[in-house]
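I have a fresh notebook page and a structure I have not met before. These are my entries, in the order I looked things up.

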Amino acid sequence: LERTLSIIKPDAAERNLVGRILSRFEENGFRIVAMKMLRLNQAQAEGFYAEHQGKEFFAPLVEYMMSAPIVVLVLEKENAIKDYRTLIGTTNPETAAEGTIRKEFAESQRRNSVHGSDSAESAAREIAYFFVESEIS
Ligand code: ATP
């Protein structure tokens, strides 16, 4: 089984979509093995998205990620990383496939409701960013 790091982002939490998005994860075979709600400070948001430092969308992305609470989760499944990316759809909801979470819920390319690790290396880094091993069942 593989693990991936999922975030229900501020736009979704603000619009009371947490429960519906969690249901999507479970209905699609992902087991929630860790979960917490928190609000990122600037250093935490910048550190999480460090790979995007220097890009024009970095500052507004950090601002947005601090703007409201988020829910961070570790999800477990066979091929969790790839299958989760398929379930959420492309970064831009306008190009996301029918039935994907971003197609249904995202407001824009920035306010796109969910995050998911894009590789095994990212998943390991991102899970460790938010959780210690004893918090993961
Ligand atoms: P995530 O890493 O959150 O799953 P992603 O892998 O689809 O998203 P990345 O390219 O890693 O996309 O970008 C991280 C986040 O930065 C996006 O989810 C989105 O919120 C924001 N973002 C990316 N590109 C843009 C853009 N061109 N304009 C505005 N926001 C953007």
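**Entry 1: the annotated binding site.** I began with the UniProt record, an unreviewed entry, where the annotation "binding site" covers K9, F57, R85, T91, R102 and N112. I kept in mind that the model I am reading is a predicted one.

I picked K9 from that list and asked myself where it sits. K9 is in the loop between strand 1 (2-8) and helix 1 (10-14). Is K9 buried or exposed? It counts as buried, because 24 C-beta neighbours lie inside 10 Å and 20 are enough for that label. Setting aside residues up to four places away in sequence, I found K9 touching I70, S113, V114 and H115.

Next I turned to N112, which I located in the loop between helix 6 (101-105) and strand 4 (114-116). N112 is buried too, with 23 other C-beta atoms within 10 Å. Again not counting residues up to four places away in sequence, its contacts are T91, P93, R102 and A106. I was pleased to see T91 and R102 there, since both are also under "binding site" in the UniProt entry.

**Entry 2: around the ligand.** I then asked which residues surround the ligand. My list reads F57, L61, T91, Q109, R110, N112, H115, G116 and D118. Sorted by class, this shell has two nonpolar, five polar and two charged residues. F57, T91 and N112 are among the shell residues, and the record's "binding site" includes these three as well.

**Entry 3: the annotated active site.** Under "active site", the unreviewed UniProt entry lists H115, a residue I had just written down in the ligand's shell. H115 lies in strand 4. I count H115 as buried because it has 21 C-beta neighbours inside 10 Å, and the cut-off is 20 or more. Leaving out residues up to four places away in sequence, H115 touches S6, I7 and K9. That brought me back to K9, a "binding site" residue in the record.

**Entry 4: just before strand 4.** I stopped at S113, which is in the loop between helix 6 and strand 4. Its phi is near 70°, a positive value in a residue other than glycine. I noted this because most residues other than glycine have a negative phi. S113 is buried, with 24 other C-beta atoms within 10 Å.

N16 gave me another positive phi in a residue other than glycine, here near 60°. Where is N16? I found it in the loop between helix 1 and helix 2. N16 counts as exposed, because only 8 C-beta neighbours lie inside 10 Å and 12 or fewer earn that label.

**Entry 5: the nonpolar core.** I recalled that in soluble globular proteins, nonpolar side chains tend to be buried together. The largest nonpolar core here has 27 residues, of which I8, I21, L75 and V114 touch the most other members. Strand 1, helix 1, helix 2 (18-27), helix 4 (58-66), strand 3 (70-77), helix 5 (80-88), helix 6 and helix 7 (120-130) each give two or more residues to this core. Which element gives the largest share? It is strand 3, with five residues.

I followed V114 further. Apart from neighbours within four places in sequence, V114 is in contact with S6, I7, I8, K9, A12, I21, I88, I101 and R102.

**Entry 6: a look at V18.** V18 belongs to helix 2. I recorded V18 as partly exposed, with 16 other C-beta atoms within 10 Å. Its contacts, leaving aside neighbours within four places in sequence, are I8, A12, A13 and V71. V18 and V71 are 53 residues apart along the chain, yet their C-alpha atoms are separated by 7.9 Å.

**Entry 7: stepping back.** Last, I looked at the whole chain. I counted seven helices and four strands, and read along the sequence they follow the pattern β-α-α-β-α-α-β-α-α-β-α. The C-alpha trace spans about 35 × 35 × 25 Å along its principal axes. A compact globule of 137 residues would have a radius of gyration near 14 Å, and the chain's 14 Å agrees with that.

Of the 137 residues, 32% are buried. Among contacts with a separation of 6 or more, 71% come from residues 24 or more positions apart.

Key:
Residues are numbered from 1 along each chain as its sequence is written. This is a predicted model: local features need pLDDT of at least 70, side-chain atom pairs count only at pLDDT 80 or more; totals for chains, interfaces and linings use all residues. The radius of gyration is taken over C-alpha atoms; the globule rule is 2.2 Å times the number of residues to the power 0.38. Two residues are in contact if their C-beta atoms, placed from the backbone, lie within 7 Å. A residue is near a molecule or strand if its C-beta atom, placed from the backbone, lies within 6 Å of it. Ala, Val, Leu, Ile, Met, Phe, Trp, Tyr, Cys and Pro count as nonpolar, Asp, Glu, Lys and Arg as charged, and the others, Gly among them, as polar. UniProt positions are given in the numbering used here, feature names are shortened, and annotations may be inferred rather than shown by experiment. A nonpolar core is a set of buried Ala, Val, Leu, Ile, Met, Phe, Trp, Tyr and Cys residues joined through C-beta atoms within 7 Å.
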